[in-house]
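Please read this note beside the sequence and the model, and keep a pencil at hand for the residue numbers. The points start from one residue and its partner, and then widen to other pairs, the interior and the whole chain.

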Amino acid sequence: MGGYDKDTDEELIRRLRAGESGISDYLVGKYKDLVRQKARAMFLIGGETDDLIQEGMIGLFKAVRDYQPDKDASFRTFAGLCIDRQLYSAIQNSNRQKHLPLNTYVSLSEEEGEEKLGELWAENPESIIIDQESTKALRREIAQALSPMENKVLDYYLKGYGYVQIAELLNRPPKSIDNALQRIKGKIRDCIKKYKNKC
């Protein structure tokens with residue numbers, strides 16, 4: 001199983017297509033933190049974290065299965081798109097059952113390669129991800145709606161820190177961080193509702 005870290009993801013996919021085993025597991029392991037990061041962001045706007053991680057992993061498996069190395073997008077960009085699509089679908093289906101439709105998805109974390117996502121979705125008229133300018137505008141609205149402390153909490157949360165770790169980093173009681181996360185969730189939902197009403 002050696003040598004995987006010396007090749008690009010695209011080259012590894014070519015080797016996988018040629019029949020080499022073990023590469024799927026390597027790529028899934030390499031990108032599971034990306035799944036967790038995206039699932040944590042989606043949790044804030046309407047999902048259950050553990051379920052979303054499972055859905056995100058399904059998206060990652062689909063990316064490994066469907067990626068075509070001869071396309072312009074990098075594997076990381078394509079994997080991010082597949083994970084987003086799977087997470088969005090899961091939340092939309094879940095909220096449809098609860099009669100709380102969530103028709104807007106916005107990535108709360110800045111990511112490498114995000115600019116290319118619009119190009120990938122351009123061919124899809126029912127695109128899930130809103131355009132880049134609107135995403136940035138909504139991020140700004142969210143940042144303005146949050147207090148400076150809440151913005152710090154959100155930043156650490158999206159980086160994968162738990163509320164106890166965040167409490168230590170900010171020198172606050174864990175309960176205050178837990179409460180801040182609840183407020184953040186509410187404010188993000190309010191911002192998304194306002195955004196949808198503008199459209």
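1. Arg-65 counts as exposed, because its relative accessibility is 56%, where exposed means over 50% relative accessible area, buried means under 20%, and partly exposed lies in between, with a 1.4 Å probe and protein chains only. Its partner Asp-66 has a relative accessible area of 35% and is therefore partly exposed. Arg-65 and Asp-66 form a salt bridge, with the closest N and O atoms 2.7 Å apart; the term means a side-chain nitrogen of Lys or Arg within 4 Å of a carboxyl oxygen of Asp or Glu.

2. Before going further, note that this is a predicted model, in which local features need pLDDT of at least 70 and side-chain atom pairs count only at pLDDT 80 or more, while totals for chains, interfaces and linings use all residues. Residues are numbered from 1 along each chain as its sequence is written, and side-chain values use heavy atoms, leaving out hydrogens and water.

3. Which residue meets the side chain of Arg-183 in a salt bridge? The partner is Glu-150, at 2.7 Å from N to O, and the two residues are 33 apart, with Glu-150 in helix 7 (residues 148–158) and Arg-183 in helix 9 (residues 174–198). Helices here are DSSP runs of H or I with at least four residues, strands are runs of E with at least two, and both are numbered from the N terminus. Glu-150 is buried, because its relative accessible area is 2%, whereas Arg-183, at 38%, is partly exposed.

4. Glu-150 also meets the side chain of Lys-187 in a salt bridge, again given as 2.7 Å from N to O. This pair, too, links distant parts of the chain, since Glu-150 lies in helix 7 and Lys-187 in helix 9, 37 residues apart. Lys-187 counts as partly exposed because its relative accessibility is 26%. Elsewhere, salt bridges that share partners join Asp-7, Arg-15 and Glu-20 into one network, and the full count of salt bridges comes to nine.

5. Turning to the interior, the largest nonpolar core (buried Ala, Val, Leu, Ile, Met, Phe, Trp, Tyr and Cys residues joined through side-chain atoms within 4.5 Å) has 25 residues, and those with the most contacts inside it are Leu-27, Leu-60 and Phe-75. Helix 1 (9–17), helix 2 (23–43), helix 3 (49–66) and helix 4 (75–97) each supply at least two residues of this core, and helix 2 gives the most, with eight.

6. Leu-60 deserves a look of its own: leaving aside neighbours within four places in sequence, Leu-60 is in contact (heavy atoms within 4.5 Å) with Leu-27, Val-28, Tyr-31, Lys-32, Val-35, Ala-79 and Ile-83. A second, separate core has 19 residues, including Met-149, Ile-166, Ala-180 and Ile-184.

7. UniProt, in an unreviewed entry, places the feature "domain: RNA polymerase sigma-70" at residues 51–64, and such annotations may be inferred rather than shown by experiment. In the model this span is 100% helix and 0% strand, and its end C-alpha atoms lie 20 Å apart.

8. For the protein as a whole, the secondary structure comes to nine helices and zero strands. Buried residues make up 44% of the 199 residues, and among contacts with a separation of 6 or more, 64% come from residues 24 or more positions apart.
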